[in-house]
Amino acid sequence: MYFEPYDIIVVGAGHAGCEAAAAAANMGSKVLLITMDLRLMASMSCNPAMGGIAKGQIVREIDAMGGYSGIVSDRTMIQFRMLNKSKGPAMWSPRCQSDKMMFSAEWRSMLEKTPNVDFWQDTVIGLLFDGDQVKGVKTMMGGEIESKAVILTNGTFLNGLIHIGEQHFSGGRMGEVASHGISEQLKEIGFEVKRLKTGTPVRIDGRTIDFSKLVEQKGDDEVVGFSYTEPFKISKQRSCWIAHTSLKVHETLRKGFKYSPMFNGRIQGVGPRYCPSIEDKIERFSGKDSHQLFVEPEGWNTEEYYLNGFSSSLPDYIQYEALRQIVGFENAKIFRPGYAIEYDYFPPEQLYHSLETRRIHGLYFAGQINGTTGYEEAACQGLMAGINASLALQDKQPLVLSRTEAYIGVLIDDLITKGVDEPYRMFTSRAEYRILLRQDNADSRLTEVAYKLGLAKEDRYQKLLQKQQRVNEIMSFLKENYVYPEQINGLLVEKESSPIDQKVKMAYLLLRPQIGLSEMVAHIDSLKSYCSGEDRFEKECLEEAEILIKYDSYIQKENELAEKLNRLEYVKLPKDFDFHSLQSLSYESREKLNRYHPETLGQASRISGISPADINVLAIFLGR
């Protein structure tokens, strides 16, 4: 088949590939999205959920940047929860359960409605090069398709190997073939290729679960959602459930350890530390009698359930026997066993912060092939790769989000400057400036950036300006107006907070940790009439105004620290400089600087083993 040349070819239609195709197309690039199965675009191959701790912030950031993940999540959610609500706002993280079949179908529908995106179902087996410039791809069906840039988002498919007990067979996911050829070709031209491992649990027939023996976990009464653009509505939610393993379950699982590919050495790849298999948890935490499990529905119209926390590569009969010893699962039947999968990844030190490879111009990597886990981590990389591939074709500088701007910036900087030796998962603790990177203000941080790129449209930008204006109005009202003892002392006593004996500014009272703005609105008539809106827009403005007042001192302090960091980020290091020539640097620093080739002094400062003294040497060398 003959193809016209494309600007960008995206290989793989997982979460990274879909966001990459959408971003590049919306910036005007002519995009071809190649996938092995068009029915499984943005497939939820593991748990049927989006968001969670730090991951929810990433989904909101993707949405603020004009990506699609937040919109698709909202349209297909079956349950919503705001996690960590008992902690400070830097820790609040939105999470939803999704209808996995609707999720994939909605993604495909949105991409089909996006101009400039073409689709082709095939397997890419190699890349085309002209010297150190990528020129397109070769496919299994014999096609050679030309392009100016290629974004690889192959997930777990590169030489994927599935393990269930002593059985192992090639596959990218259960029931899907692996992809061969790309890793071998890139290794031949000098890329470093390594192996990682991940896993997934049994899928259970919900008709055989005794939910009366489990603890119900309902969704929140107030559903916030992820997207800043669409008014969100959900009339009902499906519950999740909590179960627990026991010593009896553990003993049954131990019977299969001798057959475990993880323990007998057949699996060479390193698994995820923060989402280990059940056998790994039993071995690592041998003193623990029980582990918590989450029973998650996979959609509105299916009885399939995902058993979060029970990932395993043990023989299927061992998994089945152990499952039936969990309270509530005595008569359980399964749709398929859990399994582990090994796959190739490319250590991300081989990339620039734009996600373009250092070795080949126009070639970008995004998603699990960079060593990450999770749909959200993959999606944000795809978004940035799509943006930067398009910017490069326009002869513009790449967009690199800093650690002070976004969790996306933290993730990519961690990958490039620190590398990975196990699957990378995002946590709030990885962000030094998390009070600045809250889930509520992702639009304030990033939508103007997206607007300048052409990803955020005029109506979205105007909505942001309206929100910022309204937040400032509410803050001014709280700082300028008083509350009197007779208006508020009843609430203060109820909240075990000291009553006031004279009028005070509303903003001053809001500094008390026990007092929230919504409670003040309910008790102070003037404030109630000023903040009378009940729609989502007004609630978002009230929440952000409250956070900005309550945490003002913390925000100011982090802004000061962020400004110091950003000064280092603007100090560029010479490209391809031989750091061995700077003998005043420690030997370890010279080795690591030559390996990672940081682009700025700030990036150099975050490489493990680079001391403040080494940074001072570099600063002096640069005349700073």
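**Cavities, sheets and helix packing**

Tutor: The second largest cavity has a volume of about 40 Å³. The model is predicted.

Student: Which residues lie closest to the centre of the second largest cavity?

Tutor: Lys197, Ser277, Ser312, Ser313 and Ala340 are the closest, out of ten lining residues. Strands S12 and S19 each supply at least two residues of this lining.

Student: Why is Lys197 called a lining residue here?

Tutor: A lining residue has an atom within 4 Å of a cavity point. Lys197 is listed among the residues that line the second largest cavity, so it meets that cut-off.

Student: How does the lining of the second largest cavity divide by class?

Tutor: The lining has three nonpolar, five polar and two charged residues. Lysine counts as charged.

Student: How many cavities of 30 Å³ or more are there?

Tutor: There are two. The largest holds about 50 Å³ of space.

Student: What lines the largest cavity?

Tutor: His353, Met384, Asn388, Leu399, Val400, Leu401, Ile408, Gly409 and Ile412. Helices H9 (375-393) and H10 (407-418) each supply at least two of the lining residues. H10 gives the most, with three.

Student: What makes the class count of the largest cavity come out as it does?

Tutor: The count is six nonpolar, three polar and no charged residues. Met, Leu, Val and Ile count as nonpolar. Gly counts as polar, and so do His and Asn, as they are in neither of the other two classes. The polar members are therefore His353, Asn388 and Gly409.

Student: On to the sheets. What makes S11 and S12 edge strands in the sheet S11-S10-S19-S12?

Tutor: This is an open sheet of four strands with antiparallel pairing. S11 (167-170) and S12 (194-200) each have a single partner strand, so one side of each is left without a neighbour in the sheet. The twist averages 25° from one strand to the next.

Student: How do you know that S12 and S19 pair?

Tutor: Pairing needs at least two bridges. Seven bridges join S12 to S19 (residues 339-345), so the requirement is met. The two strands run antiparallel. One bridge sets Arg195 against Asp344 in S19.

Student: What is the strand order of the three-stranded sheet, and which strands are at its edges?

Tutor: The order is S3-S5-S4, in an open sheet with antiparallel pairing. The edge strands are S3 (49-51) and S4 (77-83), each pairing on one side only. Neighbouring strands are turned by 15° against each other on average, direction ignored.

Student: How do you know that S4 and S5 pair?

Tutor: The same rule asks for at least two bridges. S4 and S5 (residues 93-98) pair over six bridges, so they qualify. Phe80 has Cys96 in S5 as its bridge partner.

Student: Now the helices. Why is H1 called roughly parallel to H4?

Tutor: H1 (residues 15-26) and H4 (residues 100-112) pack at an angle of about 20°, with their axes 11 Å apart. Angles under 35 degrees count as roughly parallel. The pair is therefore roughly parallel.

Student: Which hand does the crossing of H1 and H4 have?

Tutor: H1 passes H4 in a left-handed crossing.

Student: What makes H2 and H9 roughly parallel?

Tutor: H2 (residues 55-64) packs on H9 at about 30°, and their axes are 9 Å apart. The cut-off is under 35 degrees, so H2 is roughly parallel to H9. Their crossing is left-handed.

Terms used:
Residues are numbered from 1 along each chain as its sequence is written. This is a predicted model: local features need pLDDT of at least 70, side-chain atom pairs count only at pLDDT 80 or more; totals for chains, interfaces and linings use all residues. Side-chain values use heavy atoms; hydrogens and water are left out. Axes are lines fitted to C-alpha atoms, for helices over the stretch in contact, and angles run from 0 to 180 degrees between N-to-C directions. On a 1 Å grid over the protein atoms alone, a cavity is a set of points where a 1.4 Å probe fits but cannot get out, and a pocket is an open set with protein on both sides within 12 Å along at least five of seven lines; lining residues have an atom within 4 Å of a point. Grid points are joined across faces, edges and corners, and a volume is the space filled by probe spheres set on the points. Angles under 35 degrees count as roughly parallel, over 145 as roughly antiparallel, 65 to 115 as roughly perpendicular and the rest as oblique. A crossing is left-handed if the near helix is turned anticlockwise from the far one by less than a right angle, and right-handed if clockwise.
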